Amino acid sequence: MSAPPGYALRLPTDAVDAWHFDRLVTEGLTASDRASRIEILSRALDRWKGIPYHEHLDTDWARVESARLTQVHATALEARAHAYLDEGRVELAADQLEHHVTEHPGREFAVRLLASAQYRCGRQADALATLRRTRAYLLDELGVDPSPELQRLERDILHQRPSLSPGQADISLPVESPATQQDPDPGDVVGRDGELTQLLDAAHRSETSGLHVVWIAGDAGEGKSTLARSFLHRTTEEGRQSAWGGCPEVDGAPPAWPWTEILRGLGMPEPPASPFELSRALEHLLSRPGRRTVLVLDDVHRADEPTLQVLRHVAASARNSATLVVATYRPTEVTDDLRATWAATAGTPGTRITLHGVGRDEARTIARRAGSAGLGEEVLTELVERTGGNPLFLEEYCRLIASEGVGTLGTPQGVEALRTTVPDGVRNILARRISRLPDRTVVALRRGAVLGRDFDLSVLGALSDMDDENVIDALEPAVVTGILVEPGPDHLRFSHDLVRETLYDALPGMRRRRIHAAALEILARRDPADPTVLAHHAIAAATPATAEQCVQYVLVGARTAGEEILLQGRVRIVGRGPVAVGNGGRTEQPYPAGDPHRTGGITGPNGRHRRGTEHPAPRGEDGPLARRP
């Protein structure tokens with residue numbers, strides 16, 4: 001048929017398999033009764049014939065759509081298994097989930113369903129094995145622990161809770177809000193007393209002045225969700241009704257899914273499907289006389305448009321109700337839809353809370369809870385400085401310390417090891433944040449990471465062979481998202497040294513050496529040049545072909561650093577073993593063992609090596625000038 005600017009092929013939904021599949025899954029997920037849900041989802045799953053668009057996966061559009069449909073298929077399969085489990089058809093649920101969980105070990109809801117089904121089939125050992133495999137996968141691949149729901153299920157199985165008895169055929173797997181599932185103790189939140197007071201004050205204002213919205217901003221790991229859960233615990237104790245809705249990170253969830261979770265938490269077992277009907281149902285519930293309600297929308301930076309549409313509707317239609325809405329988000333991942341929601345709700349009374357890092361006293365509490373009690377003041381100070389006080393990062397470091405042992409942390413070598421280690425869980429979070437930046441920004445940041453935590457715009461421009469304007473264009477997204485800060489004119493600093501190290505470690509060794517060599521050449525021409533900085537780049541850039549030339553920079557840097565010492569505990573210059581100094585890679589040992597010349601004179605009294613520069617040695621490489629102690 002004709003349609004501007006040309007012609008359009010318009011087909012009914014049933015004529016396109018992908019459209020039909022999508023519609024059936026949506027209908028099945030929102031079906032009002034269990035039998036209908038199973039019947040509709042089975043029809044949808046029967047249409048699944050394998051990987052969608054497999055013959056076109058070399059194109060961007062096909063890869064994206066195929067991945068989306070695969071997520072929808074997984075959601076449908078899990079929803080049907082959930083319905084089977086609720087009906088007591090546990091053997092069928094277990095049979096259908098075993099292959100699915102093997103293929104998708106990171107889908108924790110599916111693991112939860114499978115372990116529950118196995119236990120109710122009388123296969124307790126299999127259920128525990130399923131949970132153990134998932135724990136190992138999450139730790140090995142992502143560096144994280146299983147969700148609280150999985151941990152609780154494992155404890156229930158080990159204690160053989162009556163609620164999990166296979167004889168009770170009609171036990172449904174509860175779908176609760178995270179606030180109910182966690183049931184946290186108020187002491188779970190560390191260092192957020194001021195923010196908790198702000199939230200409680202906002203709740204009291206909502207009872208006298210009407211609906212109030214609190215926006216909690218914080219980077220990953222700052223404790224937004226933990227703060228919201230602790231607040232829900234306290235406000236529930238004061239007699240308010242509360243509910244929680246989390247914006248899913250995976251595709252395939254029905255529109256406005258967080259509000260469906262919230263309505264279930266408020267006592268509506270089968271919420272309506274459409275965003276408009278959800279809005280009306282919320283308006284009706286929240287406006288009841290005498291009702292005091294607290295609602296949490298977690299991770300609204302991931303919210304779809306229908307979720308934000310319902311929020312805007314509730315803010316307008318229930319403005320006279322005693323309702324507090326708490327919305328958490330990451331400021332570096334704000335979407336245009338969320339900004340539009342802020343504009344639309346500008347007239348609604350609200351409060352903004354931004355979370356920052358905690359201090360040393362709070363770090364001590366986190367360390368104790370993570371099994372690293374008794375850390376010294378120097379280690380705690382180093383931990384706070386290194387992590388920026390991020391509670392999650394602190395916890396990951398303390399778990400690493402607990403697993404490795406705290407005995408060496410009282411020594412300078414132990415503290416130095418702490419400075420050169422990034423736990424896998426922390427690295428994964430930072431890598432995900434970096435991956436959201438444009439490619440040219442990531443390339444520029446990696447070059448900046450070679451220069452150090454602080455660097456000048458002009459030096460990075462020379463290193464990247466770009467003029468200042470192009471460098472600014474490349475780095476602007478990193479400044480806007482807070483990865484870089486500007487402490488002075490044309491001077492930039494990584495907001496977090498862990499970010500710098502993650503970028504630095506992502507560079508292959510051969511690329512890293514060449515960037516260090518280029519930095520050495522550029523910085524050597526500056527007036528005045530810093531000999532210790534040049535020594536650092538010389539060490540990192542050295543190859544058998546350039547070792548002899550680099551030695552001169554190292555010796556000058558060592559003497560300038562004072563007492564002719566360099567890089568305490570990190571690198572000993574020509575200190576141990578033979579050293580390659582050119583000659584076609586031939587190994588030479590110009591001085592006998594124990595001769596002070598053999599270390600280039602780079603030792604202090606009694607042969608002790610003390611720090612003479614703030615530039616750490618490159619990690620993971622033993623170049624021709626450097627030998628590990």
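Trainee: What is the hand of the crossing of H6 and H7?

Mentor: In this predicted model, helices H6 and H7 form a left-handed crossing. The term applies because the near helix is turned anticlockwise from the far one by less than a right angle. H6 covers residues 124–141 and H7 covers residues 148–159.

Trainee: Why are H6 and H7 called roughly antiparallel?

Mentor: Their packing angle is about 150°, and their axes are 11 Å apart. Angles over 145 degrees count as roughly antiparallel, and H6 and H7 therefore receive that name.

Trainee: Which residues in H6 and H7 meet?

Mentor: From H6 come Gln124, Ala127, Leu128, Leu131, Arg132, Thr134 and Arg135, and they meet Leu150, Gln151, Leu153, Glu154, Ile157 and Leu158 in H7. By class, this contact has seven nonpolar, three polar and three charged residues.

Trainee: How do you know that H24 and H25 are roughly antiparallel as well?

Mentor: The axes of H24 (residues 509–524) and H25 (residues 531–541) cross at roughly 150° and come within 8 Å of each other. The cut-off for roughly antiparallel is an angle over 145 degrees, so the name fits H24 and H25. H24 passes H25 in a left-handed crossing.

Trainee: What makes up the contact of H24 with H25?

Mentor: On the H24 side are Arg513, His516, Ala517, Ala519, Leu520, Leu523 and Ala524; on the H25 side are Val533, Leu534, His536, His537, Ala538, Ala540 and Ala541. These residues divide into 10 nonpolar, three polar and one charged.

Trainee: How do you know that Leu114 is buried?

Mentor: Leu114 has a relative accessible area of 2%. The word buried is used under 20%, and therefore Leu114 counts as buried. This residue belongs to helix H5 (residues 108–120). Beyond neighbours within four places in sequence, Leu114 is in contact with Ala94, Leu97, Glu98, Val101 and Thr130. One of these partners, Val101, is 13 residues from Leu114 along the chain, and their C-alpha atoms are separated by 7.8 Å.

Trainee: Why is Arg192 called buried?

Mentor: The relative accessible area of Arg192 is 4%. Since the limit for buried is under 20%, Arg192 is placed in that class. Arg192 lies in the loop between helix H8 (178–182) and helix H9 (193–209). Not counting residues up to four places away in sequence, Arg192 touches Glu222, Leu227, Leu355, His356, Val358 and Pro391. The C-alpha atoms of Arg192 and Gly223 are separated by 9.0 Å, and the two residues are 31 residues apart along the chain.

Trainee: Is Asp299 buried or exposed, and what makes you say so?

Mentor: With a relative accessible area of 11%, set against the limit of under 20%, Asp299 is buried. Asp299 sits in the loop between strand S5 (292–298) and helix H13 (305–317). Its phi is positive, about 60°, although Asp299 is not a glycine.

Trainee: Where does Asp490 lie, and what is its phi?

Mentor: Asp490 is in the loop between strand S9 (484–488) and strand S10 (491–494). Phi of Asp490 is near 55°, a positive value in a residue other than glycine. A glycine with positive phi is found just after H15: Gly371, at about 90°. Within H15 (residues 360–369), Ala363, Thr365, Ile366 and Ala367 are buried.

Trainee: What makes a set of residues a nonpolar core?

Mentor: The residues must be buried, of the nonpolar kinds listed for a core, and joined through side-chain atoms within 4.5 Å. The largest such core has 57 residues, and those with the most contacts inside it are Leu383, Leu445, Phe455, Leu475, Leu484, Phe494 and Leu503. Helix H20 (residues 439–451) supplies the largest share of this core, six residues. Apart from it lies another core, of 39 residues, including Leu24, Tyr84, Leu113 and Ala115.

Trainee: With which residues is Phe455 in contact?

Mentor: Leaving aside neighbours within four places in sequence, the partners of Phe455 are Gly448, Leu460, Leu475, Leu484, Asp490, His491, Leu492 and Phe494.

Trainee: How many helices and strands does the chain have?

Mentor: There are 26 helices and 14 strands. Of the 629 residues in the chain, 47% are buried.

Technical notes
Residues numbered from 1 in each chain as written. Predicted model: local features only at pLDDT ≥ 70, side-chain atom pairs only at ≥ 80, totals over all residues. Heavy atoms only, no water. Axes fitted to C-alpha atoms, helices over the stretch in contact; angles between N-to-C directions. Helix = DSSP H or I, 4+ residues; strand = E, 2+ residues; numbered from the N terminus. Parallel < 35°, antiparallel > 145°, perpendicular 65-115°, else oblique. Contact = heavy atoms within 4.5 Å. Nonpolar A, V, L, I, M, F, W, Y, C, P; charged D, E, K, R; others polar. Buried < 20%, exposed > 50% of the residue type's maximum accessible area, 1.4 Å probe, protein only.
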